[in-house]
Amino acid sequence: MNHFHYLNGELHAESVAISRIAARVGTPFYCYSTATLARHYTVFRDALAAAGLDATVCFACKANPNIAVIRTLAELGAGADVVSEGELRQALAAGVPPARIVFSGVGKTRHELEFAVAKGILQINVESEPELRLLSEVAAARGIRMPVSIRVNPDVDAGTHAKITTGKKENKFGIEWTRAREVYGLAAGLPGIEVVGVACHIGSQLTELEPFRDAFVRVRDLVAMLRADGIQIRRLDLGGGLGVPYEHESPPSPAAYAEVIRATLGDLNCRIIVEPGRLLVGNAGILVSKVIYVKEGATRTFLIVDAAMNDLMRPALYDAHHAIFPVAEPAAGSARIEVDVVGPVCETGDTFAKQRSLPPMRAGDLLVFGTAGAYGAAMSSTYNTRPLIPEVLVKDDDFAVVRARPSYEDMLALESLPDWFGHEG
Ligand SMILES: *Cc1c(COP(=O)(O)O)cnc(C)c1O
């Protein structure tokens with residue numbers, strides 16, 4: 001459920017007409033809805049509470065690291081799961097208390113570990129033995145033991161797109177299931193490490209519960225083994241991954257997901273940490289674009305729009321489907337034609353949809369890509385020297401630009417010509 005709807009013949013985000021934002025900020029732009037973010041967060045949090053779980057929801061910032069988005073969730077009580085120093089700085093800038101921040105990721109540098117330890121965050125999820133040793137050294141140098149969960153790779157098939165599955169043994173993530181006990185033994189003996197828990201994250205956009213259940217059962221077995229070894233496990237970080245509907249998918253409800261956690265891990269007396277990303281922000285965002293040209297090809301019609309694969313990479317990267325609809329509400333029963341919706345970038349992959357049935361549109365018309373709040377702006381680039389596009393947050397009848405469009409001068413200012421070219425400009 002989201003708060004983008006037609007009102008008086010025009011698409012609105014909450015009570016703000018999309019055309020009004022477009023007139024102010026220009027296209028293309030991302031638009032997020034505060035009410036939708038809040039709804040998704042509270043439904044998820046309440047489902048965990050209703051299952052009787054002592055759970056902390058740490059928003060996986062990589063899905064949408066805009067500080068206004070993070071702040072909106074943080075004000076409702078969310079923590080943050082970050083995967084780089086940059087994201088950690090964004091979470092802190094957004095006002096997330098360090099005691100609610102988890103640092104994940106397979107390649108944290110010494111500098112990143114030092115920064116995280118200095119900020120006193122809740123825990124670091126460690127993914128390898130060399131990282132464990134380095135973190136111990138960094139923390140011990142400060143005279144502390146850093147709370148750590150070790151990310152284990154439960155070797156389950158999440159049944160999702162190959163590029164976003166992370167829990168199989170051939171993936172780069174985590175410690176192999178079969179070696180976990182040994183690595184915990186190592187961790188327990190390191191001076192800068194305080195082992196507090198087990199972490200796992202098996203993939204993204206999961207639309208079934210079975211892979212979660214399989215992974216959680218393995219986590220349960222591991223906890224029993226570790227406790228038998230005398231290692232105190234008091235937190236379980238279960239990652240993110242619950243999917244959202246883009247097209248015909250019907251992902252499990254938060255309540256059903258919470259029930260799987262309760263049934264598999266609920267009696268272990270552990271604080272549960274979950275790291276949803278897409279689930280909280282996916283349907284809370286749209287990408288607004290404008291038709292530049294309608295081009296009649298030999299065999300098909302192309303809608304050439306001003307957004308491109310650099311702004312929303314998911315279709316080019318994962319063949320992802322995004323709903324596309326016009327900002328002006330089509331009359332009931334109005335004609336539809338099949339069009340290819342493409343961007344201006346010089347790659348055939350810059351295609352958002354092929355043979356999509358849409359009402360006839362003309363140059364200058366506004367259209368929207370749905371479910372673009374997750375891994376949209378976050379994955380964007382300046383390919384073809386296209387400036388990153390603005391992000392707008394709507395709240396009731398108000399809106400604000402929460403990330404400005406850089407100017408061409410801003411972009412060019414980062415580049416320079418070496419001295420050997422001389423200065424006769
Ligand atoms: C990407 C990621 C998440 C969030 O995944 P979603 O599918 O967006 O919920 C959570 N935890 C870790 C460690 C991740 O890498």
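Guide: A residue counts as buried when its relative accessible area is under 20% and as exposed when that area is over 50%, and we can apply this here while keeping in mind that the model is predicted.

Visitor: By that rule, is Cys346 buried or exposed?

Guide: Cys346 has a relative accessibility of 69%, and it is therefore classed as exposed. Cys61, by contrast, is at 0% relative accessibility and so falls into the buried class.

Visitor: How many disulfides does the model have?

Guide: In general, a disulfide is a covalent bond joining the sulfur atoms of two cysteines. The criterion applied here is a pair of cysteine sulfur atoms within 2.5 Å, and by this rule the count is 0 disulfides. Cys61 illustrates the point, since the nearest cysteine sulfur belongs to Cys58 and is 9.0 Å away.

Visitor: Turning to the ligand, where does it sit, and which residues come nearest?

Guide: The ligand occupies the largest pocket, and of the 15 residues around it, those that come nearest are Lys62, Ser204, Glu275, Arg278 and Tyr375. The residues of this shell comprise 3 nonpolar, 7 polar and 5 charged.

Visitor: Which atoms should I look at for polar contacts with the ligand?

Guide: A polar contact is read as a pair of N or O atoms within 3.5 Å. Ser204 places a polar side-chain atom 2.3 Å from an oxygen atom of the ligand, while a polar side-chain atom of Glu275 lies 2.5 Å from a ligand nitrogen atom. At Gly277 the backbone takes part instead, with an N or O atom 2.9 Å from an oxygen atom of the ligand.

Visitor: What part of the ligand's surface does the protein bury?

Guide: The ligand taken alone exposes 390 Å², and the protein buries 93% of that area.

Terms used:
Residues numbered from 1 in each chain as written. Predicted model: local features only at pLDDT ≥ 70, side-chain atom pairs only at ≥ 80, totals over all residues. Heavy atoms only, no water. Near = heavy atom within 4 Å. Polar contact = N/O pair within 3.5 Å; in protein donor to acceptor, adjacent residues only side chain to side chain. Areas by Shrake-Rupley, 256 points an atom, 1.4 Å probe, with all protein chains shown as cover. 1 Å grid on protein atoms, 1.4 Å probe; cavity = no way out; pocket = protein on both sides within 12 Å on 5 of 7 lines; lining within 4 Å. Sits in = over half its atoms within 2 Å of the grid points. Nonpolar A, V, L, I, M, F, W, Y, C, P; charged D, E, K, R; others polar. Buried < 20%, exposed > 50% of the residue type's maximum accessible area, 1.4 Å probe, protein only.
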